[in-house]
Amino acid sequence: MYKALIIGAESIGGLIDSPTSKTIASHAHAYLKHPDTKLTALCESSELNVFAFMERWGEMDHYSSVDAIGSEEYDIVSVASKTSSHFHDLAALLKRSDMPMIVCEKPLVGTIEELSSLSSLLEYSNKKRSMKESKKVEE
């Protein structure tokens, strides 16, 4: 069973649909439906979003930031936070020795400078990564 963590509890993280929705539109719903995956934790700074998310998807571990995760290990991490947080979240995840699979919502980062800074971490990481669709980064 893969342990999953979602970073970002807004729409695509889990508030765009519910466990009873016919269509899977969020990361939380996808993890719920996959027989080999269990959503075990959420990383979100807004207590209001945490409350709404857990009302919908059930109780789980909660962290207020990526830096607060500590030594807990997860198999899959979805980065569904705001784009402005992607760089920090991805850099922190890529530096960890655990968390072998990372799924990141688009765009990967917000600026060319962030992409440049992240590129060496991406190049030398042995993690499996999935970035949903591509979007041109505006300078």
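**Entry 1: Helices and their lengths**

I start with a rule for length: the expected span of a helix is 1.5 Å times one less than its number of residues. I take helices (H or I, at least four residues) and strands (E, at least two) from DSSP runs, numbered from the N terminus. The model is predicted, so I keep local features only at pLDDT of at least 70 and side-chain atom pairs only at pLDDT 80 or more, while totals for chains, interfaces and linings use all residues. I number residues from 1 along each chain as its sequence is written, and side-chain values use heavy atoms, with hydrogens and water left out.

What span should helix α5 have, and what span does it have? I looked up α5, residues 112–124, and its 13 residues should span 18 Å at 1.5 Å a residue. Its end C-alpha atoms are 19 Å apart, which agrees. I also found a kink of about 35° in α5, centred on L118; the bend at a residue is the angle between axes fitted to the seven residues ending there and the seven starting there.

I then tried the rule on α4, where 13 residues should again span 18 Å. The end C-alpha atoms of α4 lie 19 Å apart, so expectation and model agree.

**Entry 2: Which side of α4 is hidden?**

For burial I use relative accessible area: buried means under 20%, exposed over 50%, and partly exposed in between (1.4 Å probe, protein chains only). Which residues of α4 are buried? I noted H86, D89, L90, A91, A92, L93 and L94. A handy reminder for reading such a list: an α-helix has 3.6 residues a turn, so residues three or four places apart point the same way.

For contrast I checked S119, which is found in helix α5. S119 is partly exposed, because its relative accessible area is 35%. S119 and E44 are 75 residues apart in sequence, and their C-alpha atoms are 25 Å apart in space.

**Entry 3: Two residues of α3**

I count a contact when heavy atoms are within 4.5 Å. N49 has its place in helix α3, residues 47–57, and it counts as buried because its relative accessibility is 16%. Leaving aside neighbours within four places in sequence, I found N49 in contact with A9, E10, L15 and E44.

M54 lies in α3 too. At 11% relative accessibility, M54 counts as buried. With neighbours within four places set aside, its contacts are E59, M60, D61 and H62. M54 and A9 are 45 residues apart along the chain, yet I read 9.4 Å between their C-alpha atoms.

**Entry 4: L42 in strand β2**

Next I went to L42, in strand β2 (residues 37–43). L42 is buried, as its relative accessible area is 0%. What does L42 touch, not counting residues up to four places away in sequence? I listed L5, I6, G8, A9, V50, F53, M60, D61, H62 and Y63. Y63 is 21 residues from L42 along the chain, and the two C-alpha atoms are separated by 6.3 Å.

**Entry 5: Loops**

E73 sits in the loop between β3 (61–63) and β4 (76–79). Beyond residues up to four places away in sequence, E73 touches K3 and D98. I also noted that E73 and A4 are 69 residues apart in sequence but 9.3 Å apart in space, C-alpha to C-alpha.

M99 lies in the loop between α4 and β5. M99 has a positive phi of about 55° although it is not a glycine, and it counts as buried because its relative accessibility is 0%.

P107 is in the loop between β5 (101–104) and α5. I found a cis peptide bond joining K106 and P107, with omega about -20°.

**Entry 6: Cysteines**

How many disulfides are there? Taking a disulfide as a pair of cysteine sulfur atoms within 2.5 Å, I counted 0. C43 is in no disulfide, as the nearest cysteine sulfur, that of C104, is 13 Å away. C43 counts as buried at 4% relative accessibility, and C104 counts as buried at 1%.
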